[in-house]
Amino acid sequence: AGQITHRLNLLDTDVTAIDNYILENTVLYPNPTSEIIYIRTPLEKYTIEIIDVYGKTVDTFTTSREINLKNLAEGIYFVRLKTDKGIVTKKLVIKR
């Protein structure tokens, strides 16, 4: 019998057509976090997606430097910043 395998392809840092300066200077902190993360980035305008380990988008935000994640369960998530210059994806751990 054939076996079908699905693989989630989210890396700690995913770069799609974005320059290294933006990638290296986009930081989420504190990480791990218990509730609030701060975003430091040279990007001016972006959307933020919080993605769980199954690839499901669990929350979205528009250009924000502070995000409250108190409604999310502990675990590993990915924070994806999307802009007209490309996409940056960072791994995030919520731990209480």
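Two strands are treated as paired if DSSP finds at least two bridges between them. In this predicted model, strand 4 and strand 5 (residues 57-62) meet that condition, being joined by 5 bridges and running antiparallel. Within this pairing, Ile-48 has Phe-61 of strand 5 as its bridge partner. The two strands make up a hairpin in which 4 residues lie between strand 4 and strand 5. The turn of this hairpin contains Gly-55, whose phi is positive, at about 90°.

A separate description applies to strands 2, 3 and 6. These 3 strands form an open sheet in the order 2-3-6, with antiparallel pairing. Strand 2 (27-29) and strand 6 (66-68) are the edge strands, each of them pairing on one side only. On average, neighbouring strands of this sheet are turned by 25° against each other, direction ignored. Strand 2 is connected to strand 3 (residues 36-40) by 3 bridges, and this pair is antiparallel. Across the pair, Leu-28 stands opposite Ile-39 of strand 3.

The largest nonpolar core comprises 18 residues. Ile-48, Leu-69 and Val-79 are the members that touch the most other members of this core. Several elements contribute to the core: helix 1 (20-24), strand 3, strand 4, strand 7 and strand 8 (86-94) supply at least two residues each. In soluble globular proteins, nonpolar side chains tend to be buried together. The surroundings of Val-79 were examined with its neighbours within four places in sequence left aside. On that basis, Val-79 is in contact with Leu-28, Ile-37, Ile-48, Glu-49, Ile-50, Val-88, Thr-89, Lys-90 and Leu-92. Ile-48 is thus named both as a contact of Val-79 and as the bridge partner of Phe-61, while Leu-28, another contact of Val-79, is the residue opposite Ile-39.

The structure holds 1 salt bridge. This salt bridge is formed by Glu-49 and Lys-82, with the closest N and O atoms 3.5 Å apart. The pair links distant parts of the chain, since Glu-49 belongs to strand 4 (residues 47-52) and Lys-82 to strand 7 (residues 75-83), 33 residues apart. The two partners were also assessed for accessibility. Glu-49 counts as buried because its relative accessibility is 16%, and the cut-off for buried is under 20%. Lys-82 counts as partly exposed because its relative accessibility is 32%. Besides its salt bridge with Lys-82, Glu-49 is among the residues in contact with Val-79.

Methods: Residues numbered from 1 in each chain as written. Predicted model: local features only at pLDDT ≥ 70, side-chain atom pairs only at ≥ 80, totals over all residues. Heavy atoms only, no water. Axes fitted to C-alpha atoms, helices over the stretch in contact; angles between N-to-C directions. Salt bridge = Lys/Arg side-chain N within 4 Å of Asp/Glu carboxyl O. Buried < 20%, exposed > 50% of the residue type's maximum accessible area, 1.4 Å probe, protein only. Core = buried A, V, L, I, M, F, W, Y, C linked by side-chain atoms within 4.5 Å. Contact = heavy atoms within 4.5 Å.
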